[in-house]
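Thanks for making the time this morning. I would like to walk through one helix and its surroundings, and then turn to a few backbone details that deserve a second look.

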Amino acid sequence: MSVTLPDLLRARAAADPDRVAMTVHGVGSLTFGEWEHRSNSVAERLRVRPGDRVGLVFGNRDWLEYAVAFFGVVKAGAVAVPLSDRLAAADIEAMLAHCGASTVLRPGALPSAETGAAPFSEGVPDPPRPHDLAQILYTSGTTGRPKGVAATHANLAYGCGGRRRPFTHSEHLAHAFPIGTNAGQWMLVNAVDAHPRVVTLPRFTPGRFAALIEHYRAGTVFLVPAMAIELLAARAHASHDLSSVLLLGSAAAPLPSQVATDLSAAFPNSTITNYYTSTEAAPAQTVMIFDPERPASVGRPASGGAVKIATVKGDPLPPNVTGEVWMRSPAATRTYYGDPHASGEVFRSGWVRMGDLGYQDDDGYLYLVDRESDVIKSGAYKVSTIHVEEVVHQHPDVVEAAAYGVPHPTLGKAVAVAVVGPVAHDDLRMFLKGRLAPHELPARLVTLDALPRNHGGKVDKRRLRHD
């Protein structure tokens with residue numbers, strides 16, 4: 001039987017009202033009982049109709065208030081539209097206009113009994129049904145205009161409510177994912193469904209995040225590759241005790257194999273795990289426990305989903321042949337809100353075109369070759385930026401790297417690489433010779449203080465190309 005997130009919160013609050021569900025370090029905590037009561041109050045007083053879209057513009061310091069607001073909105077039968085307050089004001093306005101939001105909630109402005117707002121109706125509204133629309137989450141827009149990905153209650157709560165709660169090996173789960181991202185929403189679901197208390201912090205820095213892990217003795221940690229790279233570069237493991245971590249999960253982007261190897265040394269008791277999915281495909285995902293024998297793989301399907309390598313039309317391709325990556329969701333599939341044409345291009349009979357190129361080996365392990373939009377067509381060759389980045393990362397003086405295409409007078413496009421770290425360009429070119437094919441070698445090298453990223457932590461290669 002399908003459940004909804006409000007169902008899960010109601011059950012947790014009834015069973016253990018005084019248990020802390022979520023903590024923002026230095027800000028406060030939220031118990032299940034408080035979460036249920038306060039979100040009920042929001043639902044009672046929120047002046048919306050079922051199906052209305054409600055923008056939720058919050059920052060990482062506001063995770064507790066955001067959690068209350070999100071559940072209040074969906075309990076009222078409305079559709080939550082999570083947005084980070086770090087987005088440009090014009091982008092926020094464009095997204096709110098696109099989904100037709102009737103109301104916008106921000107920190108310090110939640111309708112509640114304490115504010116004296118009159119109830120919109122007597123008591124909590126009728127609970128939402130599993131097939132009702134619950135959320136519109138805007139994509140990062142790394143390859144074009146952001147799109148609103150709509151998910152039902154059944155989609156968001158898929159796999160939740162089981163007898164064995166996720167991550168029972170931990171009393172605390174630490175993360176630093178921002179609000180308004182698919183990874184952030186995953187942490188919100190964990191807060192209501194998983195065993196450990198979810199802990200986060202107002203702003204990520206390597207030292208603060210390592211101190212958070214040490215303070216709470218977190219057994220489970222989730223981050224994005226950019227955060228992992230920062231932790232390693234700052235040598236946070238040398239000044240903080242990270243021995244409590246038994247599971248370290250990376251999400252939102254592929255984890256370079258060299259980074260995974262270094263993480264294994266920095267977190268000696270942890271299992272390093274890479275999660276591959278997308279805002280469109282969730283809850284479908286692949287999971288890969290880092291394996292030195294398959295360092296570049298992102299794993300095999302998990303959570304009841306499926307993966308295939310196929311042509312543009314969806315015809316399956318044999319093992320070890322590169323094609324489009326398609327994922328099949330085990331739950332009600334998502335769609336693009338108000339954009340049937342784009343939905344028809346991406347969502348096909350339960351399958352989702354991921355926008356990535358890849359292949360599966362004979363054992364079903366998935367390997368990503370590149371984003372379709374990032375492949376560099378250089379002369380007669382197609383160059384994988386993921387492969388170039390993997391090799392560049394092997395140089396000991398490279399902290400981060402991003403490969404991208406730049407115009408070339410005869411080849412059409414050539415390889416450029418932006419690096420962060422004290423590596424000399426001549427030294428790096430010598431290092432790459434023999435490790436990369438001639439057509440993969442960078443025609444341009446640029447050293448930056450930091451790679452440009454969107455608010456979800458992904459490298460913004462459009463900005464690199466245009467700078």
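Let me begin with a convention, since I will need it shortly: a crossing is called left-handed if the near helix is turned anticlockwise from the far one by less than a right angle, and right-handed if clockwise. Please also keep in mind that what you see is a predicted model.

The helix I have chosen is α8, which spans residues 225-233 and is mostly covered, with seven of its nine residues buried. Those buried positions are Pro 225, Ala 226, Met 227, Ala 228, Ile 229, Leu 231 and Leu 232. What do they pack against? Their partners are the helices α7 (206-216), α9 (236-239) and α10 (257-266), together with the strands β10 (220-223), β11 (247-250) and β23 (400-408).

Of these partners, let me take up α10. The axes of α8 and α10 come within 10 Å and cross at roughly 55°, and the two helices are therefore oblique to each other. In the sense I gave at the start, the crossing of α8 and α10 is left-handed. On the α8 side the contact is made by Ala 228, Ile 229 and Leu 232, while α10 contributes Val 259, Asp 262, Leu 263 and Ala 266. Sorted by class, this contact has six nonpolar residues, no polar ones and one charged residue.

Now to the backbone. Most residues other than glycine have a negative phi, and most peptide bonds are trans. With that as background, here are some places to examine.

Following α8 comes Arg 235, whose phi is positive, near 50°. Phe 167, also not a glycine, has a positive phi near 60°, and this residue sits in the loop between α5 (153-156) and β8 (172-175). Is Phe 167 buried or exposed? Its relative accessibility is 15%, and because the limit for buried is under 20%, Phe 167 counts as buried.

Asn 320 is a further non-glycine residue with a positive phi, here about 65°, and its place is in the loop between β15 (306-310) and β16 (323-328). Asn 320 is partly exposed, with a relative accessible area of 45%.

Finally, where is the cis peptide bond that I wanted to show you? The bond in question runs from Ala 282 to Pro 283, with omega near 10°, and Pro 283 lies in the loop between β12 (271-276) and β13 (285-289).

Definitions and conventions: Residues numbered from 1 in each chain as written. Predicted model: local features only at pLDDT ≥ 70, side-chain atom pairs only at ≥ 80, totals over all residues. Heavy atoms only, no water. Buried < 20%, exposed > 50% of the residue type's maximum accessible area, 1.4 Å probe, protein only. Helix = DSSP H or I, 4+ residues; strand = E, 2+ residues; numbered from the N terminus. Contact = heavy atoms within 4.5 Å. Axes fitted to C-alpha atoms, helices over the stretch in contact; angles between N-to-C directions. Parallel < 35°, antiparallel > 145°, perpendicular 65-115°, else oblique. Nonpolar A, V, L, I, M, F, W, Y, C, P; charged D, E, K, R; others polar.
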